[in-house]
Amino acid sequence: MKKIFAVLVAAALAAACATTEEPKPAPAPAPAPAPAPEPKPAPPPPPPTPKAEPKPAPKPKPVAEKVTFAADVLFDFDRAVVKPEGKSKLDDLADKVKGINLEVIIAIGHADAIGTPAYNQNLSVRRAEAIKAYLISKGIEANRVYTEGKGESQPVTSGKCKSMGRETGANQKLVACLQPDRRTEIEVIGTRKN
């Protein structure tokens with residue numbers, strides 16, 4: 001019986017062991033979340049494109065602006081010699097011409113009504129030529145200056161001197177009254193320089 005008892009105790013122990021759960025191993029700790037991947041550095045910004053210098057606005061094309069100067073140069077009776085006041089006007093005119101692209105200068109000579117029309121025509125041409133010679137002496141190109149004589153055909157006194165007496169050079173009142181008719185008109189045509 002001792003044997004049976006030993007067998008029973010052994011069986012009971014075995015049964016007890018069978019019913020007793022073996023201690024379960026502690027659950028493995030949850031794996032730590034994987035570390036977030038380190039953020040990739042942002043790509044470097046593209047190198048700045050060199051700032052192009054702003055292009056200056058295109059200059060407007062020069063517009064041809066016609067320029068006209070006029071001057072009356074007076075002469076003494078029966079003379080084609082430029083008076084000192086006339087030289088002063090011509091000097092001013094020559095200075096103004098330097099500021100333009102010169103196209104042409106036109107000098108138109110005139111005479112008073114004393115004398116024959118043929119003589120006065122010739123005198124008016126000589127007056128225009130005197131102006132041309134003076135302007136050339138001031139550096140203006142000869143091929144830019146044109147002359148013309150109008151004789152006594154375009155008086156500016158408009159007959160107001162008719163009551164002065166005979167048309168003769170000895171009539172000093174008439175000679176003085178007709179002074180404005182003894183002239184050369186000068187016209188300068190060109191465009192302004194930029």
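Search this whole structure for disulfides and you'll find 1. The bond in question links Cys 161 with Cys 177. Keep in mind that you're looking at a predicted model. Besides that bond, strand 2 is worth a look, since it pairs with strand 4 and is also joined to strand 3.

**The disulfide**

- Cys 161 and Cys 177 are joined sulfur to sulfur, with an S to S distance of 1.8 Å.
- Where do the two partners sit? Cys 161 is in the loop between strand 3 and helix 4 (172–177), while Cys 177 is in helix 4 itself, so the bond ties together parts that are 16 residues apart in sequence.
- Why is this disulfide called left-handed? Because the torsion about the S-S bond of Cys 161 and Cys 177 comes out at about -80°.
- Buried or exposed? Cys 161 and Cys 177 are both buried.

**Strand 2 and how covered it is**

- Strand 2 runs over residues 100–109.
- This strand is mostly covered, with 7 of its 10 residues buried.
- As a rule of thumb, side chains in a regular strand alternate between the two faces of the sheet.

**Strand 2's partners**

- With strand 4 (residues 183–192), strand 2 pairs in the antiparallel sense, and the pairing covers 9 bridges.
- To find your way into that pairing, look for Val 104, which stands opposite Ile 189 in strand 4.
- Strand 3 (residues 145–149) runs parallel to strand 2, and 5 bridges join the two.
- Here the spot to look for is Gly 109, which has Gly 149 of strand 3 opposite.

Definitions and conventions:
Residues are numbered from 1 along each chain as its sequence is written. This is a predicted model: local features need pLDDT of at least 70, side-chain atom pairs count only at pLDDT 80 or more; totals for chains, interfaces and linings use all residues. Side-chain values use heavy atoms; hydrogens and water are left out. Buried means under 20% relative accessible area, exposed over 50%, partly exposed in between (1.4 Å probe, protein chains only). Helices (H or I, at least four residues) and strands (E, at least two) are DSSP runs, numbered from the N terminus. Two strands pair if DSSP finds at least two bridges between them. A disulfide is a pair of cysteine sulfur atoms within 2.5 Å.
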